[in-house]
Structures are given as structure tokens and as C-alpha cells.
Amino acid sequence: MSMESQKKYFMKCLAHHLLFIPVVMESLGGFGESAIDVLRRIGIAMSDKSDLTRPEAIDRTFQRISFTSQKATSQKALSQAFMARTIS
């Protein structure tokens, strides 16, 4: 994400009293440092609002995000393969 894009989204979030934190995640589930920090914070917040322990909530958060990313990547690959077959 370019610095211009980051600034644009930062300003939009600031207008609504939100914090914009860009996170990096690989299509196969690898996380950048900021993504790990954000997902841990989400897991901690989730444990505070549920009967899950912190480690359980953090693990569940990482699992859900990883699964969602892998599912989206698979759907995109299948869609592209289908489009390639229909065009041929």
C-alpha cells in the first residue's frame, strides 16, 4: 500500500475517531509483525467478552483469519481456472 493510500485511509479513520493500522498477510497465511500484534489484541478483546481463555481466543482469531484468507485465495484460483476454460 502506498504512503498516499495509507494517509488517505488514516485521515478517513481519524475523522471517525478510529485508528488505522495497515497489516500485511501473505495469501497462504503468513502474517507481518503489525498483523500479529493486531490479531493478538483482537483475541485478547474476544477473551474478555467470552468464556474463552486468552490463548484459546488468540488461537481462534488466527485460525479464522487464516482460514478466511486461504478460502478466498482458493476461490480466486478456481474462478480464474473456470474463466480460462470457458474462454478456450
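The exercises below work through a predicted model of one protein chain.

Residues are numbered from 1 along each chain as its sequence is written. Because the model is predicted, local features need pLDDT of at least 70 and side-chain atom pairs count only at pLDDT 80 or more, while totals for chains, interfaces and linings use all residues; side-chain values use heavy atoms, with hydrogens and water left out.

**Exercise 1. Overall form**

Task: Describe the secondary structure of the protein chain and how spread out the chain is.

Solution.
- Step 1: Count the elements. The chain has 3 helices and 0 strands. Helices (H or I, at least four residues) and strands (E, at least two) are DSSP runs, numbered from the N terminus.
- Step 2: Read the order. From the N terminus on, the elements run α-α-α.
- Step 3: Compare with the globule rule. The radius of gyration is 17 Å, well over the 12 Å that the rule gives for 88 residues, so the chain is more spread out than a compact globule. The radius is taken over C-alpha atoms, and the rule is 2.2 Å times the number of residues to the power 0.38.
- Step 4: Take the box. Along the principal axes, the C-alpha atoms fill roughly 55 × 35 × 20 Å.

**Exercise 2. Burial and contacts**

Task: What part of the 88 residues counts as buried, and what part of the contacts joins residues at least 24 apart?

Solution.
- Step 1: Set the classes. Buried means under 20% relative accessible area, exposed over 50%, and partly exposed in between (1.4 Å probe, protein chains only).
- Step 2: Apply them. Of the 88 residues, 17% count as buried.
- Step 3: Turn to the surface. The accessible surface comes to about 7300 Å², and 60% of it belongs to carbon and sulfur atoms. Areas come from the Shrake-Rupley method with a 1.4 Å probe; for residues, only the protein chains shown count as cover.
- Step 4: Sort the contacts (heavy atoms within 4.5 Å). Among those between residues at least 6 apart in sequence, 26% join residues at least 24 apart.

**Exercise 3. An aromatic pair**

Task: Classify the geometry of the Phe-31 and Phe-62 rings and locate both residues.

Solution.
- Step 1: Fix the rule. Rings of Phe, Tyr and Trp (its six-membered ring) pair if their centres lie within 6.5 Å; planes under 30 degrees apart count as stacked, over 60 as edge-to-face and the rest as tilted.
- Step 2: Search. The whole structure holds 2 aromatic pairs.
- Step 3: Classify. The ring centres of Phe-31 and Phe-62 are 5.2 Å apart and the planes stand at 90°, so this pair is edge-to-face.
- Step 4: Locate. Phe-31 lies in the loop between α1 (3-15) and α2 (33-48), and Phe-62 in helix α3 (residues 54-87), so the pair ties together parts 31 residues apart in sequence.
- Step 5: Check exposure. Phe-31 is partly exposed at 22% relative accessibility, whereas Phe-62 is buried at 18%.

**Exercise 4. Salt bridges**

Task: Which residues form salt bridges with Asp-37 and Asp-48?

Solution.
- Step 1: Apply the criterion: a side-chain nitrogen of Lys or Arg within 4 Å of a carboxyl oxygen of Asp or Glu. The count is 2 salt bridges.
- Step 2: Start with Asp-37. Its partner is Arg-41, with the closest N and O atoms 3.2 Å apart. Both sit in helix α2, 4 residues apart, which is about one helical turn. Arg-41 is exposed at 54%; Asp-37 is partly exposed at 36%.
- Step 3: Go on to Asp-48. Its partner is Arg-54, with the closest N and O atoms 3.7 Å apart. Arg-54 is partly exposed at 45%, and Asp-48 is exposed at 53%.

**Exercise 5. A nonpolar patch and a loop**

Task: Which residues make the nonpolar surface patch, and where is His-17 found?

Solution.
- Step 1: List the patch. Phe-10, Met-11, Leu-14, Leu-19, Ile-21 and Val-23 make a patch of about 560 Å². Patches take residues with over 30% relative accessible area and no salt bridge; like charges are joined within 9 Å, nonpolar side chains (Val, Leu, Ile, Met, Phe, Trp, Tyr) within 5 Å.
- Step 2: Pick one member. Met-11 is found in helix α1 and is partly exposed at 45%.
- Step 3: Place His-17. It is found in the loop between α1 and α2. His-17 is exposed at 76%.
- Step 4: Check the backbone. His-17 has a positive phi of about 60° although it is not a glycine.
- Step 5: Add His-16. It also lies in the loop between α1 and α2 and is exposed at 59%.
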